[in-house]
Amino acid sequence: MSIRERLSGNEAVATAMKQINPDVVAAFPITPSTEIPQYFSTFVANGAVDTEFVAVESEHSAMSACIGAQAAGARAMTATSANGLSLMWEMIYIASSLRLPIVMSLVNRAVSGPLNIHNDHSDAMGVRDAGWIMLFSENNQEAYDNTLMAHRIAEHKDVMLPLMVCQDGFITSHSIENIELEDDEFVKKFVGTYKPEHYLLNANEPMAVGPLDVQAYLFEHKAQQGEAMKNAKNVILEVSKEFEKLTGRKYGLFEEYKLDDAEVAIVCMNSTAGTTKYVVDALRAKGVKAGLLKVRVFRPFPGEEIAKALSHVKAVAVLDKSDSLNAIGGALFEDVTSSMFVQNVHVPTVNYVYGIGGRDTTADQIESVYSDLLEIAKAGKIDNPYRYLGLRKGDVK
Amino acid sequence: MADEMKKPYNLKEVVANKPSRFTEGHRMCAGCGAPVVGRMVLRALHEEDHAVIANATGCMEVSTFIYPYTAWTDSFIHTAFECAGATCSGAEAAYKSMKKQGKLPQDKNTKFIAFGGDGGTYDIGLQSLSGAMERGHDMTYVCYDNGAYMNTGIQRSSATPKFSDTTTTPAGKVIPGKMQSRKDLTAIMVGHHLPYVAQSIAVGNFKDLYEKSEKAIYTEGPTFLNVLAPCPRGWGYPTDNLMNINKLAIDTCYWPLYEVVDGVYHITYKPAKKLPIEEFLRPQKRFKHMFAPGNEWMIEDFQKEVDRRWQELLDLEEMTNKQK
């Protein structure tokens with residue numbers, strides 16, 4: 001039985017964590033994810049969970065403690081944002097290489113510098129090659145649901161990889177929305193208990209974790225991580241299907257919003273998809289065949305499926321909420337376009353870097369992207385494929 | 001436990017009755033002090049207890065767990081250079097949580113021990129160590145202090161003694177080696193008000209190290225051991241001279257042996273005749289330039305600092321025992 005509630009994105013994730021009741025949570029405060037360990041430590045203080053909460057002295061130690069805990073045989077969780085994730089960076093790679101299904105809530109925020117506490121995706125993009133499964137969430141409901149599904153995906157024997165659930169800092173983390181929660185018993189049953197095959201605390205089978213892995217082995221070990229990431233795609237689909245059957249809430253690798261007959265399409269992630277849906281509806285009312293592809297699963301990247309889903313449109317805009325500063329395009333743009341190229345899908349595709357440092361992205365701006373796409377569709381070519389959306393004119397020379 | 005501690009320690013008996021938990025086959029250098037420390041610390045574990053060992057990146061780690069071989073018979077985890085403290089604290093938190101929930105057998109004890117060199121402890125790992133100790137995890141952190149970044153090729157650390165010739169403080173024509181005295185990490189750990197902090201070394205029949213290890217491991221809460229572990233390559237001594245160097249370190253009071261139990265200092269070795277510091281410095285190539293004509297001031301300077309720190313320790317012992 002679903003329970004109707006009103007919660008912020010951070011509250012939604014903290015609630016999911018309470019219901020999951022992990023063995024260990026190790027976290028360090030950083031805006032805008034601070035509320036998650038804050039709410040969670042209240043659950044601990046009131047005996048609502050069995051968790052050992054480790055209030056570490058840095059994010060580097062947060063991830064190190066999660067690795068120690070998960071390797072020891074525990075289910076470990078953490079939450080962070082921006083510079084916190086940057087400080088963890090070394091350990092992020094180590095967590096995935098040790099095949100530890102740690103689950104993290106990443107409340108997306110701009111990575112310094114200069115210092116900015118507001119939302120963009122530069123933190124997540126900095127770890128896109130680190131071997132973590134990365135799920136993005138449009139709203140509070142999705143942040144909650146993705147968290148409920150996280151352990152089932154990460155801990156699957158064909159996967160055994162850490163997973164992060166992303167949501168937009170402030171935009172969803174601090175906005176209170178209606179949400180459907182599942183009851184505690186449902187979550188307990190759906191998530192299940194963690195039964196690691198090998199773990200440090202098994203005195204009957206001592207094990208060694210984290211070797212010096214020289215030339216004769218590292219290549220194969222990395223390739224094994226790569227295989228696990230490929231396997232994750234099917235596992236995500238299976239778990240999402242089961243979740244849909246039980247809750248009625250449908251999730252795939254990405255969401256196609258009025259895309260099947262669309263002539264122009266936007267590809268984006270997280271909360272901007274909500275704004276885009278609003279614009280799509282408005283344009284549809286005017287007879288414009290606009291559509292949206294919202295990426296939920298960014299790692300593993302469903303390139304083949306995305307290319308296929310976009311193959312019939314006349315122009316595509318990929319919206320990147322992080323500038324790769326590489327003079328060629330944002331990370332999502334690169335992944336989408338290279339997937340299209342490999343799949344022999346040739347649709348004019350343009351990149352917009354937008355919303356950097358929490359710059360507001362309005363419905364008008366999204367509409368302007370569709371206007372651009374209609375022109376591109378008509379002309380069949382692109383003058384400048386690497387653009388900014390919402391950048392103040394005149395300040396950049 | 002307390003009674004057991006008072007029993008005379010017979011190395012031969014312990015060796016005969018307790019299997020080594022740190023086994024042969026590792027790739028540590030001949031004459032290195034670190035494996036001796038690792039082996040003796042683990043020997044203090046009660047045989048029926050399981051251990052989870054966390055190791056910072058360093059000589060010890062890269063020489064003892066080269067995939068697919070390991071020299072550790074207990075559970076072992078290495079993650080990175082600066083986070084043995086945090087990694088170990090996570091494993092300990094898992095143990096506490098899982099035991100409380102009945103997810104682990106109630107009749108089996110697991111002890112948590114972290115090993116780090118001076119680089120991974122005094123320098124890059126100081127924050128993680130401090131955090132783990134302050135949070136009160138039931139674990140023992142053992143620093144095997146060889147006084148430089150030996151694994152990467154003898155670069156200075158904050159544990160490197162003054163005037164040492166290292167690859168980043170070379171004894172040159174203008175600057176005669178490292179110009180700063182070493183950090184007193186043991187004092188910093190005492191400042192954390194831990195139930196047990198000790199400084200030790202492998203000498204004689206290893207009684208000092210064995211007993212302090214047992215106390216550290218079996219004192220509830222966070223405990224810290226700082227153990228001097230000479231490095232034949234970095235210090236420049238013949239490999240068979242290890243035990244002699246260790247003896248000189250304590251007889252010159254360069255490395256005092258003491259423990260601090262709930263804030264009360266006990267100096268566990270007071271040399272009958274305190275030897276001049278030259279005795280410790282002379283057999284080591286890293287101090288060779290100090291013996292060049294005209295550099296007598298360096299030895300004097302070094303001696304003064306050793307004396308000052310030794311006196312400070314004597315004072316602390318007197319003061320804390322008086323308060324008691």
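Biologist: What makes you say that residues of chain B are in contact with residues of chain A?

Modeller: In this predicted model, the test is whether two C-beta atoms, placed from the backbone, lie within 7 Å. By that test, 39 residues of chain B are in contact with 39 residues of chain A.

Biologist: Which elements of chain B supply at least two residues each to the side that touches chain A?

Modeller: They are β1 (50-55), β2 (75-78), α5 (84-100) and α7 (126-134). The largest share, 13 residues, comes from α5(B). Sorted by class, this side of chain B has 19 nonpolar, 15 polar and five charged residues.

Biologist: How do you know that β9 of chain A and β2(B) pair?

Modeller: Pairing asks for at least two bridges between the strands. Strand β9 (residues 208-209) of chain A and β2(B) have two bridges, in the parallel sense, so they count as a pair. In one example, V209(A) has I77(B) as its bridge partner in β2(B).

Biologist: What is the order of strands in the open sheet of nine strands?

Modeller: The order is β9(A)-β2(B)-β1(B)-β3(B)-β4(B)-β6(B)-β5(B)-β7(B)-β8(B), and the pairing is mixed.

Biologist: Why is one side of β9 of chain A left without a neighbour in the sheet?

Modeller: β9 of chain A stands at an edge with a single partner strand, so one of its sides has no neighbour; β8 (264-267) of chain B is in the same position.

Biologist: What packs on the sheet, touching β1, β2, β3 and β4 of chain B?

Modeller: That is α5(B), whose direction makes about 175° with that of β3(B). Angles here run from 0 to 180 degrees between N-to-C directions, so a value of about 175° means the two directions are almost opposite. Helix α13 (residues 296-323) of chain B lies across β7 and β8 of chain B, at about 130° to β8(B).

Biologist: How do α5(B) and α7(B) pack?

Modeller: Their axes are 7 Å apart, at an angle of about 35°. G85(B), A86(B), C88(B) and S89(B) of α5(B) make the contact with S128(B), L129(B), G131(B) and A132(B) of α7(B). Those residues divide into four nonpolar, four polar and no charged. Gly counts as polar, so G85(B) and G131(B) belong to the polar group.

Biologist: And in chain A, how do you know that β15 and β16 pair?

Modeller: Strand β15 (residues 349-354) and strand β16 (residues 386-389) of chain A share four bridges in the parallel sense. At least two are needed, so they pair. Within β16(A), L389(A) is the bridge partner of Y354(A).

How values were computed:
Residues are numbered from 1 along each chain as its sequence is written. Chains are lettered from A and ligands numbered from 1 in the order in which they are written. This is a predicted model: local features need pLDDT of at least 70, side-chain atom pairs count only at pLDDT 80 or more; totals for chains, interfaces and linings use all residues.
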